[in-house]
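Work through the exercises below with the model open beside you, and try each task before reading its solution.

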Amino acid sequence: MGQEYYRRRLKANKMRRKIASIRSSIRNFRVLLRLVLIVLIILFGLKVLKLQGWYLNQELLSSADERVIKIEGNAITPKYKIVDLIRQIQLPDTQIFRLDTSEIEQNITQLQPIKKVYVRRLWYPARINVVVEERVPVFLITPSIEAEPISAITTDGVFIDREYMPISPKFKTYKIITYGVRGDDYEKWNKERVDEILCLTKALETYSGQKVEYLDLRNPTDVYIKLEKVLIRFGEINDTALVRAKWIATILPETEKFKQKIKYIDLRWEDAHYIKLEDGAQNTAPAAQKDDTQN
């Protein structure tokens, strides 16, 4: 009995050692397999990251091919100007997701019409979308009624020169006739000056029910403003401008009483307003008491 018992114990111990050895081998195999898989994944990842699809094709970029670069939001700025600025940048030969686009954005914002720029990086195949936010033009500058606009002024007081003309008709703009002299250089206008003129323009449209066709600022102290049906001799655009603009709502109905052709409505003073006729006659408008001896 004793020998039989010890044989069983020995056999059982051998079996446990064998099982333990097998388990240990399995664990070691699993660890080795994990290491091999990790190495393979790293090698595969490195191989994938070196694929050409992660890199911008510089030739296609230089030719502004839409497979590599798309530009959105540029209603005023020509595409070639944006592309030229991108070409001037020495982009690093790196994967698209590692590409720093801040220099691209800074360069493009140097263009007069551009207010903001955002460059979106799109992965595989590598490409970029340049999304621009442009300033809003509000005044078109021209030296005469017949001439085409030579420049524009935006709502935030930024001057846009001739190379961006013509401005897209999708923008609501007003024509301003001026030489940029006599103390009113439009290239130096700021937002405050733009707001002042724009506020007056919209006020006249509201009170008259007519669209403003142009503002003649060739003489800043004697401004003429053309509505659809009548010309206004407005005088200087100053602190009293909005007060004088309100009178147009009262005066316009009076113009329908005249058979003669009206030369202009005179709104140069707060308390005296006149209707000037083509034949040289002058009629006092409602609420006006003061005589005008000027043409």
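Two strands are said to pair if DSSP finds at least two bridges between them. The model used here is a predicted one.

**Exercise 1.** Find the bridge partner of Ile71 in S3, and work out how S1 and S3 run.

*Solution.* Begin at Ile71, whose bridge partner in S3 is Val130. Then take the two strands as a whole: S1 and S3 are joined by four bridges and run parallel.

**Exercise 2.** Determine in which sense S2 and S3 pair, and over how many bridges.

*Solution.* S2 (114-122) and S3 (127-134) are separated by a loop in which Pro125 is found. The two strands pair in the antiparallel sense over eight bridges, and one of the bridge partners to look up is Glu134 in S3, which is matched with Ile114. Together S2 and S3 form a hairpin, with four residues between them.

**Exercise 3.** Examine the backbone at Tyr124, and decide whether this residue is buried, partly exposed or exposed.

*Solution.* Most residues other than glycine have a negative phi, and most peptide bonds are trans. Tyr124, by contrast, has a positive phi near 40 degrees, and its peptide bond to Pro125 is cis, with omega near -5 degrees. For the second part, buried means under 20% relative accessible area and exposed means over 50%; Tyr124 has 43% relative accessibility and therefore counts as partly exposed.

**Exercise 4.** Identify which residues of helix H3 (79-87) are buried, and what they pack against.

*Solution.* The buried residues are Lys81, Ile82, Val83, Leu85 and Ile86. The buried residues of H3 pack against helix H2 (58-62), strand S1 (69-72), helix H4 (102-108) and S3.

Methods
Residues numbered from 1 in each chain as written. Predicted model: local features only at pLDDT ≥ 70, side-chain atom pairs only at ≥ 80, totals over all residues. Heavy atoms only, no water. Buried < 20%, exposed > 50% of the residue type's maximum accessible area, 1.4 Å probe, protein only. Contact = heavy atoms within 4.5 Å.
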